[in-house]
Amino acid sequence: MSRSGWFPFLIGIGLGLAGGLYYAWLINPVEYTDTAPDSLRADFRSDYLALIASAYAATDDLVRARTRLALFSGLEPSTELAALAQQRLALGSGFGEGEAAALAQLAADLANQRRSPASTATRGPSTASTLVPTPLPSSTPRPTPTPGAPFSLASQEQVCNPLLAAPLIQVEVSDAAEGGVPGVEIVVVWDAGQDHFFTGLKPELGQGYADFTMTEGVSYTLRLADSGQLVTDLSTHPCEQPDGTPYLGSWLIHFQQTP
Amino acid sequence: MLATHLPRLILGALLGGFLALIYGWLIRPVEYVDTTPDSLRIDFRTDYVLMVAESYSADQDLDLAQFRLAALGPLAPDEYATDAIDYSLEQSFSRTDLEHLNHLAIALRALPQPGEIQAP
């Protein structure tokens, strides 16, 4: 083909490409339909995960929650949910607190690989990817606080642990059988403000564990949100490393459910 | 002149269109990322509504339920609940699931509709 013969051919290719892209981008652009939760934008993904946790808090069906979480590829459930719980808690108001507690509870239960109590033969959507298997019966009681079974202060001690990066108020909440209880709200108050946090946000340290970083020179008062018992005068105290280097010490507070 | 070049022009256009399809479908196909809940497939959408209903059954927070359902699109929230019930019936969801969905739908329908005048 001569040089003049190539020219219309190349023009044709250009027109074909331009026409194809015009059709694909303007006349008949892509519409996102029939998508899966895994493709959701980050903020909607977070909301979806929080919704899974809220539904789990309502139904106590861990098998179903795990099945729903399995829709998200590459998800590290206990870690990611715990981090999300802290984000929600940081929101401070609105729907964030309830979702934070639910996320913390689910993160802790997943870390502990607990099976949920049996429910009826429920099933979810019909596709293979979302089928919810029949939950297995389990007699394991749920280690959450129950009305009429309050927590009381079991011990309170000063801790000198040079491995801690900052002075902490470390709280452990356990049931009557010494099992850690996640999702317990703790309120800490000091002269210039207050904050609250939940057990179970660091499942690697135990289901019933929570901590709060203290500032030097500030005196804190702590209580469980559902308890009137106060733990007062919590502040940093001097500790010394073996080589004589001073550092600030922590507190370890243990609450236990009354049998 | 045109008669001479027209076949080549058409051949080039066909080849260009073919290459565009190869590129768009095989080399770099559409990837669904950053989507919104309103594009969820019907089974996932139903499960989403079911989760809202399960959560509502425990906290009875209808504002929160409406807020969550609003992510599914511009329709009235009770329509999403109704659609979910229809799909659940088709797919023989459990009685418990249907009860959750039904309670949510009833609560949503009891809300005043837009433009509706409340009796004094």
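## Chain B

A residue counts as buried when its relative accessible area is under 20%. By that cut-off, 37% of the 120 residues of chain B are buried. The model is predicted.

Chain B holds five helices and zero strands. Read from the N terminus, its elements run α-α-α-α-α.

## Largest pocket

The largest pocket encloses about 590 Å³ of space. Its lining has 18 residues, and the closest to the pocket centre are A:A24, A:W25, B:G24, B:W25 and B:V30.

Which helices each supply at least two residues of the lining? They are α1 (3-27) of chain A and α1 (2-27) of chain B. By class, the lining splits into 11 nonpolar, five polar and two charged residues.

## Nonpolar surface patch

Chain A carries a nonpolar patch on the surface. Its members are A:L21, A:Y22, A:Y23, A:W25, A:L26 and A:I27. Together they have about 730 Å² of accessible area. A:W25 belongs to this patch and is also listed among the residues closest to the centre of the largest pocket.

## A:I27

A:I27 is another member of the patch. This residue sits in helix α1 of chain A, a helix that supplies at least two residues to the lining of the largest pocket.

Is A:I27 buried or exposed? Its relative accessible area is 53%. The cut-off for exposed is over 50%, so A:I27 counts as exposed.

Note on methods:
Residues are numbered from 1 along each chain as its sequence is written. Chains are lettered from A and ligands numbered from 1 in the order in which they are written. This is a predicted model: local features need pLDDT of at least 70, side-chain atom pairs count only at pLDDT 80 or more; totals for chains, interfaces and linings use all residues. Side-chain values use heavy atoms; hydrogens and water are left out. On a 1 Å grid over the protein atoms alone, a cavity is a set of points where a 1.4 Å probe fits but cannot get out, and a pocket is an open set with protein on both sides within 12 Å along at least five of seven lines; lining residues have an atom within 4 Å of a point. Grid points are joined across faces, edges and corners, and a volume is the space filled by probe spheres set on the points. Helices (H or I, at least four residues) and strands (E, at least two) are DSSP runs, numbered from the N terminus. Ala, Val, Leu, Ile, Met, Phe, Trp, Tyr, Cys and Pro count as nonpolar, Asp, Glu, Lys and Arg as charged, and the others, Gly among them, as polar. Patches are made of residues with over 30% relative accessible area and no salt bridge: like charges are joined within 9 Å, nonpolar side chains (Val, Leu, Ile, Met, Phe, Trp, Tyr) within 5 Å. Accessible areas come from the Shrake-Rupley method with a 1.4 Å probe; for residues, only the protein chains shown count as cover. A salt bridge is a side-chain nitrogen of Lys or Arg within 4 Å of a carboxyl oxygen of Asp or Glu. Buried means under 20% relative accessible area, exposed over 50%, partly exposed in between (1.4 Å probe, protein chains only).
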